[in-house]
Amino acid sequence: MSELPALIRQDEVQGLLHYKDLIPRLQVALGNFSKRDGTDVIQPVRSVIPLQKYHGFLGVMPAYIAHEDILCTKMVCFYQRESGSSLPSTQATVLLFDPKVGNVKAVMDGEVITARRTAAVSAISAQLLMPFGSEVLAILGAGHQAVSHYNVFKETCTFKEVRVWSRRREAAERFASSVVGPVTVCDSAEGAVKGADVIVTVTGASEPVLFGQWVKPGAHVAAVGACRPDWREMDDVLMREAVVYVDSREGAVAESGDVILSGAEVFAELGEVLNGTRPAHREKTTVFKSLGMGIQDAVSAKLVYDQWKNKQEEEDQRP
């Protein structure tokens, strides 16, 4: 009989998953995905089951990375909550398998993994696409993803000013007081993004909250929300005038309302830029439309598990 899987709690994942270790691994994974070697990286588009009674969805995100022998599945429920709701907008669990035997090696909290791997990929997009000398970061949204994005950008970039906006000002103020460093709370989305070099959208919006006429030429947008084909955060003007990059072409044309409803052309995947097969147009306005991928969860889960296992072995060796 197989051993029982390790159960890795949220607080443990927080202590084991660090951007300095995660970002280089994600860069490799994105590059390998974009090579389209179907025997090495296997990842179907996310399967989604509507939960109409609760205005939510269950997404299942399996992936197998053959050369690293990582087999993983994330199950995530995500919801459109009413403003001020005390219920979470997402809940996620990650399963890490032994691909040879087929048993589950670990069951771990998926909330931290989702927040940090998503933010890490946004940071990769900014490193590739934001204008040189960027000074102003604007964040639209004030939830968990806003915090993870603030933290990774603070670690990987140097901004002179950070602004935040949320539909509920108290949420933006709570965000500003929870992070380390000065943050300007803005009264409007327009006020937050005017003149910003990098804009991050991490909202639960289903209609545009970011408009092209507000975005300065040459800015970079990392758009994280709106993961359904009829949801969007950005208007047609921005999507059609910007150079659009994605994590997965297949995912973007199937799931991204920002891409589908605007009719925007996808220029490249981040992995193609990392591989040097498509250019990074820093001199132009760019949008990175993030949808999240199973390989990102797989790489993150393997990192967490390896760190957890090393820690357990160290503790076992103590007298």
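**Exercise 1. Count the helices and strands of the protein chain.**

Solution. Start with the assignment rule: helices (H or I, at least four residues) and strands (E, at least two) are DSSP runs, numbered from the N terminus. Under this rule the protein chain has 11 helices and 15 strands. Keep in mind that this is a predicted model, in which local features need pLDDT of at least 70, side-chain atom pairs count only at pLDDT 80 or more, and totals for chains, interfaces and linings use all residues. Residues are numbered from 1 along each chain as its sequence is written, and side-chain values use heavy atoms, with hydrogens and water left out.

**Exercise 2. Work out how the radius of gyration of the protein chain fits the rule for a compact globule.**

Solution. Step one is the rule: 2.2 Å times the number of residues to the power 0.38, with the radius of gyration taken over C-alpha atoms. Step two is the comparison: for 319 residues a compact globule would come out near 20 Å, and the chain has 19 Å, which agrees. Step three adds the dimensions, since you may like a picture: the C-alpha atoms fill a box of roughly 60 × 45 × 40 Å along the principal axes.

**Exercise 3. Describe the burial and the contacts of the protein chain.**

Solution. First, burial: 55% of the 319 residues count as buried (under 20% relative accessible area; exposed is over 50% and partly exposed in between, with a 1.4 Å probe and protein chains only). Next, contacts, meaning heavy atoms within 4.5 Å: among those between residues at least 6 apart in sequence, 67% join residues at least 24 apart.

**Exercise 4. Find the largest nonpolar core and the helix that gives the largest share of it.**

Solution. Begin with the term: a nonpolar core is a set of buried Ala, Val, Leu, Ile, Met, Phe, Trp, Tyr and Cys residues joined through side-chain atoms within 4.5 Å. The largest one has 69 residues, and I8, M108, I139, F153, Y245 and L270 have the most contacts inside it. Helix α3 (residues 111–129) supplies the largest share, 10 residues. A second, separate core holds 38 residues, including V76, L140, V221 and A226. As background, nonpolar side chains in soluble globular proteins tend to be buried together.

Now zoom in on I8. Residues up to four places away in sequence aside, I8 touches V13, A106, V107, M108, D109, V304, Y305 and W308.

**Exercise 5. Compare the surroundings of T118 and A119.**

Solution. T118 lies in helix α3, and so does A119. T118 counts as buried because its relative accessibility is 5%; for A119 the value is 0%, so A119 counts as buried too. Leaving out residues up to four places away in sequence, T118 touches I113, Q145, H149, V224 and S290. With neighbours within four places set aside, A119 is in contact with Y19, Q145, S148, H149 and V152. Finally, the C-alpha atoms of A119 and F153 are 8.3 Å apart, with their positions 34 residues apart along the chain.

**Exercise 6. Locate R36 and D69, and check their phi angles.**

Solution. R36 sits in the loop between α2 (19–34) and β2 (41–42). Its phi is positive, about 55°, although R36 is not a glycine. With a relative accessible area of 37%, R36 is partly exposed.

D69 belongs to the loop between β4 (56–65) and β5 (70–79). D69 also has a positive phi of about 55° without being a glycine. Its relative accessible area of 40% makes D69 partly exposed.
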